[in-house]
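Please work through the exercises below with the sequence and the structure at hand, trying each task before reading its solution.

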Amino acid sequence: MNHCFALFSMTTTTGYNNNHGALMLNCKLIILTLLLIITPCTVTSGQFVVTTWNFTRATREAWEALSEGGGAMDAVERGCSWCESDLRVGSVGFGNHPDESGETTLDAMVMEGESMRVGAVADLRRVKSAVSVARAVLEHTKLTMLVGESATKFAVAMGFVNESLTTKFSHNEWLLWKRNRCQPNYWRYVTPDPSASCGPYKPLPRKQPWKYPIGHEYLVGVSNHDTIGMIAVDRDGRVAVGTSTNGLDHKIPGRVGDSPIPGAGGYADSTAGGAAVATGDGDVMMRYLPALRVVEWIRSGVAPGDAARKAIAFIANREPGFSGAVVAVDTVKRRHGAACRGFPEWGNIFPYSVADTDGRVSLFRVKCNS
């Protein structure tokens, strides 16, 4: 039997002070014990939630949706929505990670494992509830994804509020980036030199084939980019996944990563008995569809942790040095697992949380390959 290392949560609370630029917040957070416990990577209840990173409150919110009689889709929407609305979560929702123009834009996706239906939005502007808009795409259109200003128009038509996603913090973050000669950025083979100055840029003449470096070209982590990915299984055994992110800090306007792409940011298939979500270097991971690969490996009988490791290794063999993680669930055998690569700012450790019996949230940690 596969085993996991878990940190079990307790009900003790403490003050939390997060320096979010000029923003100082105090709130109560669950204290996690420092007892590292070896436990089977299984759940014991009929319904459960699995979430990337240490978004334990989002996991709890999703569990509450299930405990109140909601379905798996209700759970992932509620859990991801909590992250979108909390300014302490810099990598999801409004008020952080402005693009080169200073605007925060959002990507999100939801997917049902029974029907295989997907709703997604990308480059969504001026609407805070990205995952709820993605669900509206699933429920109120025959389409899969809407993008940019057209996605915003759809959201407003569906009753969502059109409002700025910029805060004082995100505006100051953008100003500091501009004063730092627009470093870092994601341009290459342009003039003026993108490593030394801001744009606008023009392409350099192509006198010979460009040499594209292999490996990651920027450090990915929660400080500059990352995603909430969530898997929920309800009491009827239905599975859904949800993702939400505000993407890379200072990205080129219009950039879309893996989060809203089915098979890349997340995937669920009830006929396979599996679901998976991914997080990390989206521009690399979306080329390899790790969530889809993991679910198909689960279909063939591979344990979720082993399937996640196979997916990470598959990418690493072609993209040395990338940072990313996959969390997987076998919805039939009720097992979960994860694998990761990189994340040096986290000590090469990737956390994910699980809620099952009585809503208890356990935080699991996976050692990453470097």
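The exercises that follow concern a predicted model, and each one is a task with a worked solution.

**Exercise 1. The chain as a whole**

Task: Find how many helices and strands the chain has, and what percentage of its residues count as buried.

Solution: Begin with the secondary structure, which comes to eight helices and 17 strands. Turn next to burial, where 54% of the 370 residues count as buried. Finally, look at contacts with a separation of 6 or more, of which 64% are accounted for by residues 24 or more positions apart.

**Exercise 2. A salt bridge inside one helix**

Task: Which residue forms a salt bridge with Arg-60, and where do the two residues lie?

Solution: The first step is to find the partner, which is Glu-64, with the closest N and O atoms 2.8 Å apart. The second step is to place the pair: both residues belong to helix α1 (residues 56–67), where they are four residues apart, about one turn of the helix. The third step is to judge accessibility, for which the partly exposed class runs between 20% and 50%. Arg-60, at 31% relative accessibility, is therefore partly exposed, and Glu-64, at 22%, also counts as partly exposed.

**Exercise 3. A salt bridge between α1 and α2**

Task: Determine which residue pairs with Arg-78 in a salt bridge, and decide whether Glu-61 is buried or partly exposed.

Solution: Arg-78 forms a salt bridge with Glu-61, and their closest N and O atoms are 3.2 Å apart. Because Arg-78 lies in helix α2 (residues 72–85) and Glu-61 in helix α1, the pair ties together parts that are 17 residues apart in sequence. Arg-78 has a relative accessibility of 28% and is partly exposed, whereas Glu-61, at 15%, counts as buried. The last step is to widen the view, since Arg-78 and Glu-61 are linked with Arg-57 and Glu-68 in a network of salt bridges. Over the model, the count of salt bridges comes to 20.

**Exercise 4. How α2 meets α3**

Task: Describe how the axes of α2 and α3 cross, and find the salt bridge that joins Arg-135 to a residue of α2.

Solution: Start with the axes, which come within 8 Å and cross at roughly 150°. Since angles over 145 degrees count as roughly antiparallel, α2 is roughly antiparallel to α3. Now list the residues that meet: Met-73, Asp-74, Glu-77, Cys-80, Ser-81 and Glu-84 from α2, and Ala-130, Val-131, Ser-132, Arg-135 and Leu-138 from α3. These residues of the contact divide into five nonpolar, two polar and four charged.

Then turn to the salt bridge, in which the side chains of Arg-135 and Glu-77 meet at 2.7 Å, N to O. Arg-135 lies in helix α3 (residues 130–140) and Glu-77 in helix α2, so this pair ties together parts that are 58 residues apart in sequence. Both Arg-135 and Glu-77 are buried.

**Exercise 5. Around Thr-191**

Task: Which residues, leaving aside neighbours within four places in sequence, are in contact with Thr-191, and what kind of peptide bond joins Thr-191 and Pro-192?

Solution: First place Thr-191 in strand β8 (residues 190–191), where a relative accessibility of 38% makes this residue partly exposed. Its contacts, with those neighbours left aside, are Pro-200, Tyr-201, Lys-202 and Leu-204. The C-alpha atoms of Thr-191 and Leu-204 are separated by 6.2 Å, although the two residues are 13 apart along the chain. For the peptide bond, the answer is cis, with omega about 0°, and Pro-192 lies in the loop between β8 and β9 (202–203). Pro-200 is also found in the loop between β8 and β9, and a cis peptide bond with omega about 10° joins Gly-199 to Pro-200.

**Exercise 6. A buried histidine**

Task: Decide whether His-336 is buried or exposed, and find which side chain makes a polar contact with His-336.

Solution: His-336 has its place in strand β15 (residues 335–341). Buried means under 20% relative accessible area, so His-336, with 3%, is buried. The side chain of His-336 is joined to that of Tyr-352 by a polar contact of 2.8 Å.

Terms used. Residues are numbered from 1 along each chain as its sequence is written. This is a predicted model: local features need pLDDT of at least 70, side-chain atom pairs count only at pLDDT 80 or more; totals for chains, interfaces and linings use all residues. Side-chain values use heavy atoms; hydrogens and water are left out. A salt bridge is a side-chain nitrogen of Lys or Arg within 4 Å of a carboxyl oxygen of Asp or Glu. Buried means under 20% relative accessible area, exposed over 50%, partly exposed in between (1.4 Å probe, protein chains only). A polar contact is a pair of N or O atoms within 3.5 Å; within protein, one must be able to donate a hydrogen and the other to accept it, and residues adjacent in sequence count only if both atoms are side-chain atoms. Axes are lines fitted to C-alpha atoms, for helices over the stretch in contact, and angles run from 0 to 180 degrees between N-to-C directions. Angles under 35 degrees count as roughly parallel, over 145 as roughly antiparallel, 65 to 115 as roughly perpendicular and the rest as oblique. Contact means heavy atoms within 4.5 Å. Ala, Val, Leu, Ile, Met, Phe, Trp, Tyr, Cys and Pro count as nonpolar, Asp, Glu, Lys and Arg as charged, and the others, Gly among them, as polar.
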